Amino acid sequence: MNAPAADTTDQYGVVGHPVAHSWSPFIHGIFSRETGQAMTYRLYDFTPEEFHQKAREFFKQGGRGLNITLPHKIAAVDLADDLTARAAHAAAVNTFALRNDGTILGDNTDGTGLVRDLCDNQGIVITHRRILIIGAGGASRGVLAPLLALSPAEIVIANRTSERAEQLAKTFEKLGTLHGVGFRQISGGTFDLIINATSASLSGDIPAVPAGVVAPETVCYDMAYGKTDTPFVRWALKLGCTRALQGWGMLVEQAAESFRVWRGVRPSTAPVLTALKERALLPSMTAQ
Ligand code: ATR
């Protein structure tokens with residue numbers, strides 16, 4: 001006889017503070033239905049003070065995996081018993097997975113999520129291309145290794161505080177050609193791809209990047225996303241960029257990679273992107 005469903009339903013969720021706005025339950029709900037996986041996925045709002053204790057409790061009570069979002073991604077590194085190489089490179093964790101021996105693996109699927117969206121969904125070529133990454137915080141650090149693995153001609157990291165960009169470039173210098181500069185030192189003309197990895201959008205700001213970096217054929221990609229065009233997307237379109245994208249695809253792809261880590265099954269992401277589009281959450285895509 002089959003056990004009751006409640007006994008067999010594995011528990012997952014996303015931890016953040018705040019977290020009520022998260023799309024992850026919606027996304028993982030579609031993934032689990034699509035793949036026939038018996039699992040629940042809930043929101044957990046833990047403050048920074050209670051994060052470690054409550055995350056441990058979640059696993060002690062039978063939880064199988066968590067996504068970690070702001071502001072806990074760095075604190076999550078210390079809670080993990082082991083890190084994957086990509087989480088160690090990122091120095092941040094966005095996915096916890098309970099292993100069979102009861103230990104917690106810390107992983108980071110953000111970089112893979114970005115590369116999948118850029119390459120697989122958008123058909124953007126990274127190899128031999130000039131890439132500008134704006135911002136030198138955690139979001140930027142998390143995507144450098146997977147981008148450099150695709151052998152771009154160069155990556156320029158530009159940051160409001162130039163020292164942070166220089167330091168970050170130094171950390172990754174063995175993995176490829178990259179330079180860290182302040183906004184005023186950006187040189188060499190236009191870029192093939194510009195990625196906004198700053199948190200400027202959150203305050204409605206646009207990083208003070210010189211207009212000369214954008215050509216009509218430059219792809220501008222904002223790791224942030226919103227119901228309407230983000231300030232960075234509006235900035236890019238105003239400068240004549242014909243392809244300015246928000247980070248909805250990265251959001252869905254990093255979730256799919258977490259799902260694969262947990263369940264060993266890769267869900268297809270197209271139905272989720274379609275569902276988001278149906279909810280009119282991708283206004284910038286109509287501009288493509
Ligand atoms: P995250 O982990 O989200 O990357 P972070 O480590 O606080 O957060 O980094 C935020 C990034 O956004 C930094 O690169 C920051 O620039 P500084 O290092 O100079 O602070 C950048 N940022 C935030 N607000 C910005 C703004 N209004 N203009 C330009 N850059 C901004």
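Helices (H or I, at least four residues) and strands (E, at least two) are DSSP runs, numbered from the N terminus. Two strands pair if DSSP finds at least two bridges between them. The model is predicted: local features need pLDDT of at least 70, side-chain atom pairs count only at pLDDT 80 or more, and totals for chains, interfaces and linings use all residues. Residues are numbered from 1 along each chain as its sequence is written, and side-chain values use heavy atoms, with hydrogens and water left out.

One open sheet has six strands in the order 2-1-3-5-6-4, with mixed pairing. Strand 2 (39-45) and strand 4 (82-83) are the edges; each has a single partner strand, so one side of each lacks a neighbour in the sheet. Strand 5 (residues 95-98) runs antiparallel to strand 6 (residues 104-107), and four bridges join the pair. Phe96 has Gly106 of strand 6 as its bridge partner.

Two helices pack on this sheet; contact here means heavy atoms within 4.5 Å. Helix 2 (residues 24-35) touches strand 1 (10-16), strand 2 and strand 3 (65-68). The direction of helix 2 makes about 170° with that of strand 2. Helix 3 (residues 51-60) touches strand 1, strand 2, strand 3, strand 5 and strand 6. Its direction makes about 150° with that of strand 3. Axes are lines fitted to C-alpha atoms, for helices over the stretch in contact, and angles run from 0 to 180 degrees between N-to-C directions.

Loops next to these elements hold some backbone exceptions. Most residues other than glycine have a negative phi, and most peptide bonds are trans. The peptide bond from His17 to Pro18 is cis, with omega near 5°. Pro18 sits in the loop between strand 1 and helix 2. The bond from Leu70 to Pro71 is also cis, with omega near 5°. Pro71 belongs to the loop between strand 3 and helix 4 (75-79). Ala91 has a positive phi, near 55°. That residue, Ala91, is in the loop between helix 5 (85-90) and strand 5.

Another open sheet is formed by six strands in the order 9-8-7-10-11-12, with parallel pairing. Its edge strands, strand 9 (178-182) and strand 12 (243-245), each pair on one side only. From one strand to the next, the twist averages 15°. Strand 11 (residues 219-222) and strand 12 run parallel and are joined by three bridges. Val219 stands opposite Arg243 in strand 12.

The ligand is surrounded by 14 residues, of which Ala136, Asn159, Arg160, Thr161 and Arg164 come nearest. A residue counts as near if one of its heavy atoms lies within 4 Å. The shell divides into four nonpolar, seven polar and three charged residues. Ala, Val, Leu, Ile, Met, Phe, Trp, Tyr, Cys and Pro count as nonpolar, Asp, Glu, Lys and Arg as charged, and the others, Gly among them, as polar.

Polar contacts to the ligand are pairs of N or O atoms within 3.5 Å. A polar side-chain atom of Thr161 lies 2.4 Å from a ligand oxygen atom. A polar backbone atom of Ser199 is 3.1 Å from an oxygen atom of the ligand. An N or O atom in the side chain of Asp205 is 3.2 Å from a ligand nitrogen atom. Taken alone, the ligand exposes 640 Å², and the protein buries 75% of that. Accessible areas come from the Shrake-Rupley method with a 1.4 Å probe.

Conventions
Polar contact = N/O pair within 3.5 Å; in protein donor to acceptor, adjacent residues only side chain to side chain.
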